[in-house]
Structures are given as C-alpha cells and as structure tokens.
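Student: Hey, I've just pulled this one up and could use a second pair of eyes. Can you walk me through it, beginning with how far to trust it?

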Amino acid sequence: MDRAFPTGGGEKDIRQIAQDMRVRYVVQGAVRGAGDRLRVSVQLIEADTVEQIWSDRYDGNRASLFDFQDDITRRVVTRLAPEIGAHERQVSRRKPPENLSAWEMCQRGLSEMEARTIEGIHTAFDLFHSATKADSAYALPHALLGQWHSMRIYSGRSSDPGAEMLTGIYHARMAIRLDDRLETGYVALARLLTIRDALARAVALNDNDAAVYSAQTFVNLFQAEPDTDEMLRAGLEAIRLSPRDPVGLVLPLDGRHGPLDAGYGIGRKCPRAS
C-alpha cells in the first residue's frame, strides 16, 4: 500500500512511519520554490538505521506542474528497485546464510553472481535453490534459476546444454505459474528460447526493469535479421535504468557504434566454470 503524508523528517518520524506501514524503506521528499521555479529533493531511507540509501533532485516549473509531477513519479519509481536491490545485496552478504529469508537468498545470490567468480556462480545456484525450498510459492528464485541456466548455456559453460535447457525452461515456467505478473519469469523464458513473445509480455508487465531491456539486446542476436538499432536503444536504456545491474548488461553494437559481439556481456565478464 502506498501512502503520502507530511513528516518532520527526524529519526523518530522515519522509524514510526516505517513501523506504522510495516515497511523497511521510506521515501522522503521536500519542495522548494523561487518564483516560477520548483526544486524537489527525494531521499530513499532505510528505516531501521535511518541511513540514506539514495537521493536525487528534480527541477521544474509551476507552469507545467502536472507534467513535472508525472516525470518525478516515473523517475523515482524507476530508480527505487535497483537502489533497494543493490542495498539488499550488500546487507545480505553480512548475514549468516541460515538467517536469510527467501528474498534475501535471492539478493545474496545476485550479489555472488556480481562477483564474477567460479565460486560465486556456484554459490548463487545453491542460494537460488535454497530460496525455492524456503518458500515453495515464491516465483523469483525459479525465475533467477532460469536465467542462471541460460547464462551457462549461452556462455559455453554447460557440459549438457540440452538437459540444462529443459531444466531452465522448467524453472522459468514454474516462476510464471507461481506469479504470472512477475516479469522476471518471462525474461528467463525469453533468454532461454530467444523468443520475442515472452519478452513482449515482460515489457508489458514492467517497462522500468533493466533486465527486460538487457534481454531484448540478447534475444535480438538470435533473430534471422537482428535489429541493431533496437539493440542499441535497449542496451542504453538498461544502463540508464540500472547502472549497477549485477547480472551483466549485454550491449551489442552495430558498425557505427562498435563491434556486434554476442559475448560482450556475461560471456566476456564471467570465467568459465564446469
């Protein structure tokens, strides 16, 4: 549930708001005006520690107030998920594995993949599997397992691509069955089968997810006639939405901008693992 109300901004206020709303993070904003000009400052705060996780400011004018409000809403919503995700991954690394929730296991797994090490890749697999056992009705770890298997297949790490493809598809479809509103499951299926239909569904569900645009560049590589302009736009949008994407951005380019290279993203950044 989303609520907005005035607050004094002190530590007690932030913690009380979070307690009342049963949330871990609070978005706080302030507006300053000078003549026709407006400046809105926004902060993302972790309630328990009252630590500022992210902040930004937006300038506009009163003459286009409604457009300004819509723009701020879009830009803030776009930034919240990657910033919270990055912070959660840091927090999860400091917790003993036995104390992690299914959500935290997923974040820890993404953090391990971000390390780009053989050990990290295998640890991520174990964490995603543990998350499916910790909460059998939770779709996210299945979606991440689907993407994990896709990464192994298309980067040449799999010793049995056929069997791994079937396993990845199972997890992607399980994620969709558990939660057909979670775009990550469709992203996993699109990466595994390199099909546009699943990708279109992911975009329709959440066009603010960097992983959707990263997958768009990847899927294009396997089309009979790759649309390099679309690939470039999608790759740049993925970077804009989430500069700290832990899975790895795939940004193939055409001859005007650089080499078209299927291994530019995950395949180039990760070591080979058996």
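Tutor: Sure! This is a predicted model, and among the elements of the chain helix α6 (residues 161-178) has the highest mean pLDDT, 96, while helix α11 (residues 266-269) has the lowest, 36.

Student: Which stretch has pLDDT below 50?

Tutor: That would be residues 246-274. Beyond near neighbours in sequence, the stretch has 70 contacts in the model. Where pLDDT is low, though, the predicted coordinates should not be read in detail.

Student: Noted. And what's the mean pLDDT of the chain?

Tutor: The mean is 81, with 83% of the residues at 70 or more.

Student: Okay, switching to the fold. What order do the elements run in?

Tutor: From the N terminus you get α-β-β-β-α-α-α-α-α-α-α-α-α-α. That makes eleven helices and three strands. Of the 274 residues, 47% count as buried.

Student: How many residues of helix α9 are buried?

Tutor: Ten of the eleven in α9 (residues 210-220), so this helix is largely enclosed by the rest of the structure. Among the buried ones are Y213, Q216, F218 and N220.

Student: What do they pack against?

Tutor: Four helices: α5 (140-154), α7 (183-193), α8 (196-205) and α10 (228-241).

Student: And which residue caps the N-terminal end of α9?

Tutor: D209 does, with a side-chain oxygen 2.9 Å from the backbone nitrogen of A211.

Student: Nice. New topic: how many aromatic pairs are there?

Tutor: The structure holds four. One of them is F125 with W148, a tilted pair at 4.6 Å centre to centre and 40° between the planes. F125 is in helix α4 (residues 118-134) and W148 in helix α5, so the pair ties together parts 23 residues apart in sequence.

Student: Is W148 buried or exposed?

Tutor: Buried, at 5% relative accessible area. Its partner F125 is partly exposed, at 24%.

Student: What about Y154 and F218, how are those rings arranged?

Tutor: Edge-to-face, 5.2 Å centre to centre with 75° between the planes. Y154 belongs to helix α5 and F218 to helix α9, so the pair links distant parts of the chain, 64 residues apart. F218 is buried at 7% relative accessible area, whereas Y154 is partly exposed at 30%.

Student: Which residues do ring pairs link into a cluster?

Tutor: Y154, F218 and F222.

Student: One last thing: what sits over the ring of F218?

Tutor: The charged end of R191, 5.1 Å from the ring centre.

Methods
Residues numbered from 1 in each chain as written. Predicted model: local features only at pLDDT ≥ 70, side-chain atom pairs only at ≥ 80, totals over all residues. Heavy atoms only, no water. Helix = DSSP H or I, 4+ residues; strand = E, 2+ residues; numbered from the N terminus. Buried < 20%, exposed > 50% of the residue type's maximum accessible area, 1.4 Å probe, protein only. pLDDT = per-residue confidence, 0-100. Contact = heavy atoms within 4.5 Å. Polar contact = N/O pair within 3.5 Å; in protein donor to acceptor, adjacent residues only side chain to side chain. Phe/Tyr/Trp six-rings, centres within 6.5 Å; stacked < 30°, edge-to-face > 60°. Lys NZ or Arg CZ within 6 Å of the ring centre and 35° of its normal.
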